[in-house]
Amino acid sequence: MLLTAFSCEKPNTDDVIPNVRADYEGTVSVVYNGESYDTPGIKVNYSPSEDGRTTVLTIYQIKFVPQMPVTIDVTIPAVPIVNEGSSIVFSGDSIVPLAMGGEVPRYLVTALSGIAEKDGIRFSLNFGAYPTSYSCVKTVE
């Protein structure tokens, strides 16, 4: 799955990305039964660990497809990250997401790949059998 382009505004203009907590607002795209569903205005939180080796990605108030009866928060824990100077690259496979108070192994996260740069964040993954991507529209301040 290709990552989509993004455009964001961030207050930090340095060339080096600090590995700090950040909130974003962007669009989630999910492929379900061969159709792509885009949901704009979805907030994502990026929270790196103190040692800078992993991050937690939290997607807030997501309704992955129109048929889904409720919105939920989904957390992807312990995602390995690498600071590459002007960007932070993250990836992971076989990560059990958290939602509704517990683990959700039915929607195992696979093929997670993403990048955080000074002007935004984007990533793609599979939640179970459902290809999903996120691209930042703007930084939440």
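## Strands and salt bridges

Visitor: What is the relative accessible area of Arg-122?
Guide: Happy to start there, and do keep in mind that this is a predicted model. Buried would need under 20% and exposed over 50%. Arg-122 falls between these cut-offs and is partly exposed, because its relative accessible area is 22%.

Visitor: Which residue does the side chain of Arg-122 meet in a salt bridge?
Guide: The cut-off for such a pair is 4 Å from nitrogen to carboxyl oxygen. Here the N to O distance is 3.9 Å, so the pair passes the test. The partner is also partly exposed, at 23% relative accessible area. The residue in question is Glu-117.

Visitor: How many salt bridges are there by this rule?
Guide: The Arg-122 and Glu-117 pair is one of them. Another joins the side chains of Asp-23 and Arg-21, with 2.8 Å from N to O. By this rule, the count is two.

Visitor: Asp-23 and Arg-21 meet in a salt bridge; which exposure class does Arg-21 fall in?
Guide: Asp-23 has 23% relative accessibility, so Asp-23 is partly exposed. For Arg-21 the relative accessible area is 52%, and the exposed class begins over 50%. Arg-21 therefore counts as exposed.

Visitor: Back to Glu-117: which residue stands opposite Glu-117 in S8?
Guide: S8 covers residues 109-117 and runs antiparallel to S5, with six bridges joining the two strands. S5 itself spans residues 87-92. Opposite Glu-117 stands Ser-87.

Visitor: S5 also pairs with S4; over how many bridges?
Guide: S4 takes in residues 72-83, and the pairing with S5 is antiparallel. Ile-81 and Phe-90 are bridge partners, with Phe-90 in S5. The number of bridges between S4 and S5 is three.

Visitor: Which residue in the turn of the S4 and S5 hairpin has a positive phi?
Guide: Three residues lie between the two strands of this hairpin. The phi in question is about 85°, and the residue is Gly-85.

Visitor: Is Gly-92 buried or exposed?
Guide: Gly-92 sits in strand S5. Leaving out residues up to four places away in sequence, Gly-92 touches Pro-80, Thr-110, Ala-111 and Leu-112. With 17% relative accessibility, Gly-92 lies under the 20% cut-off. Gly-92 is therefore buried.

Visitor: What distance separates the C-alpha atoms of Gly-92 and Ile-76?
Guide: Along the chain, Gly-92 and Ile-76 are 16 residues apart. In space, the separation of their C-alpha atoms is 9.8 Å.

Definitions and conventions
Residues are numbered from 1 along each chain as its sequence is written. This is a predicted model: local features need pLDDT of at least 70, side-chain atom pairs count only at pLDDT 80 or more; totals for chains, interfaces and linings use all residues. Side-chain values use heavy atoms; hydrogens and water are left out. Two strands pair if DSSP finds at least two bridges between them. Helices (H or I, at least four residues) and strands (E, at least two) are DSSP runs, numbered from the N terminus. Buried means under 20% relative accessible area, exposed over 50%, partly exposed in between (1.4 Å probe, protein chains only). Contact means heavy atoms within 4.5 Å.
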